[in-house]
Amino acid sequence: MSTAKKEYKRITVKSLQEMKSNGERISMLTSYDYTMAKIVDRAGIDVILVGDSASNVMAGHETTLPITLEQMIYHASSVIRAIKRSLVVVDLPFGTYQSDPKEALRSAIRIMKESGAHAVKLEGGKEIKESIKRILHAGIPVMGHLGLTPQSIYKFGTYTVRAKEEEEAEKLKADAKMLEKAGCFAVVLEKVPAKLAKEVAESISIPVIGIGAGNGVDGQVLVVQDMLGMTHEFHPRFLRRYLNLYDEMSNAFKQYNTDVKSRDFPNDEEQY
Ligand code: KIV
């Protein structure tokens, strides 16, 4: 493993492959809008995921299921306008790729054409193999997503750790191999035991990006509002909070409210 860190002007799927080969960890965060994406990009984060978690975080839905292709394209276009360096990956939303490979390709093409994104992400293993292959054949880079796949929440019933039992772990390992063989450029592993995630990362040549998957994988992803402490009611074990923005923003809003009501704002310097 080399320790020399290569400078990348623009992150491509090839850069991520190089990072894995060189033992350099890959950083990934979500963004759904221009202002946030600009800050994330300029901070040097390698990959920006326009996740369908926008359904929860931006729209307030309980699950990721309701978000539409049009809404994902809107979020992705806003993010793309902010980007100079990061690779932008966009989730194909629930219902736009599961029924047949042709529909999957049509959905992926719409995302790429209408938003200018660089790659798409799909949840699932061998069940969606043909859809993944069809999209890849069109020259669109695909990121896989295994383990806890939130679009299947009603099948699982809960958001608890996946693949703790042998049978599910074996399926996950086989699915990861299938994604590699099909030609995916990376795979997200969500909420699986760290030992299993490490084993998967060591068994395939493409980067494995973890969320709640321990430190033995090739990179990490978090939802940006979670790591900034804006979603203060959400506190899974895997989440590291870098700020407590919920409290800081709340205090700022309260102060503004007080200043407006007391006529302190605007003062003489804050007017024309
Ligand atoms: O939608 C999302 O934010 C995701 C990440 C949790 C990986 O898929």
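# Report on a predicted barrel model

In this predicted model, Asp-91 stands opposite Lys-121 in strand E4. The two residues belong to a pairing in which strand E3 and strand E4 (residues 119-121) run parallel and are joined by three bridges. The report starts from this pairing, moves to the barrel, and then turns to helices and backbone angles.

## Strand E3 and the barrel

The pairing of E3 and E4 is part of a closed barrel of eight strands, ordered E1-E2-E3-E4-E5-E6-E7-E8, with parallel pairing. From one strand to the next the twist averages 25°.

On the side of E2, strand E3 is joined by four bridges, and E2 and E3 run parallel. Here Leu-49 stands opposite Val-89 in E3.

How many of the five residues of E3 are buried? Five of the five are buried, so E3 is largely enclosed by the rest of the structure. The side chains go two ways: Leu-87, Val-89 and Asp-91 point one way from the strand, while Val-88 and Val-90 point the other way, and all are buried.

Leu-87 of E3 can be followed more closely. Its relative accessible area is 3%, and a residue counts as buried under 20%, so Leu-87 is buried. Leaving aside residues up to four places away in sequence, Leu-87 touches Ile-11, Thr-12, Val-13, Leu-16, Asp-46, Val-47, Ile-48, His-118 and Phe-185. One of these, Ile-48, is 39 residues from Leu-87 in sequence, yet the C-alpha atoms of the two are 6.1 Å apart in space.

## Strand E1 and its two partners

Strand E1 (residues 26-30) pairs in the parallel sense with strand E8 (residues 219-222) over four bridges. E1 also pairs in the parallel sense with E2, over three bridges. Four of the five residues of E1 are buried, so E1 too is largely enclosed by the rest of the structure. The table gives bridge partners for residues of E1.

| Residue of E1 | Partner strand | Bridge partner |
|---|---|---|
| Ile-26 | E8 | Gly-219 |
| Met-28 | E8 | Val-221 |
| Thr-30 | E2 | Leu-49 |

Leu-49 appears in both accounts: it is the bridge partner of Thr-30, and it stands opposite Val-89 in E3.

## Helix H4

Helix H4 (residues 69-80) has 12 residues. From its first C-alpha to its last it reaches 16 Å, close to the 16 Å expected at 1.5 Å a residue.

Why can H4 be called largely enclosed by the rest of the structure? Nine of its 12 residues are buried, so the description follows from that count. The buried residues are Leu-69, Met-72, Ile-73, His-75, Ala-76, Ser-77, Ser-78, Val-79 and Ile-80. Their cover includes two strands of the barrel, E2 (47-50) and E3 (87-91), as well as helix H2 (34-42), helix H3 (54-57) and helix H5 (101-115).

## Helices H6 and H8

The axes of helix H6 (residues 129-137) and H8 come within 10 Å and cross at roughly 25°. Angles under 35 degrees count as roughly parallel, and therefore H6 and H8 are roughly parallel to each other. H6 passes H8 in a right-handed crossing. On the H6 side the contact is made by Lys-129, Ile-132, Lys-133 and Leu-136, and on the H8 side by Met-178, Leu-179 and Ala-182. An α-helix has 3.6 residues a turn, so residues three or four places apart point the same way.

## Backbone angles

Most residues other than glycine have a negative phi, and most peptide bonds are trans. Some residues of this model depart from these patterns.

Ala-163 has a positive phi, near 55°, and is not a glycine. Where is Ala-163 placed? Ala-163 is in the loop between helix H7 (153-156) and helix H8 (166-182). Its relative accessibility is 3%, so Ala-163 counts as buried.

Lys-191 is another residue other than glycine with a positive phi, of about 45°. Lys-191 lies in the loop between strand E6 (186-190) and helix H9 (194-203).

The peptide bond between Phe-265 and Pro-266 is cis, with omega about -5°. Pro-266 is placed in the segment after helix H11 (245-261).

Conventions. Residues are numbered from 1 along each chain as its sequence is written. This is a predicted model: local features need pLDDT of at least 70, side-chain atom pairs count only at pLDDT 80 or more; totals for chains, interfaces and linings use all residues. Side-chain values use heavy atoms; hydrogens and water are left out. Two strands pair if DSSP finds at least two bridges between them. Axes are lines fitted to C-alpha atoms, for helices over the stretch in contact, and angles run from 0 to 180 degrees between N-to-C directions. The expected span of a helix is 1.5 Å times one less than its number of residues. Buried means under 20% relative accessible area, exposed over 50%, partly exposed in between (1.4 Å probe, protein chains only). Contact means heavy atoms within 4.5 Å. Angles under 35 degrees count as roughly parallel, over 145 as roughly antiparallel, 65 to 115 as roughly perpendicular and the rest as oblique. A crossing is left-handed if the near helix is turned anticlockwise from the far one by less than a right angle, and right-handed if clockwise.
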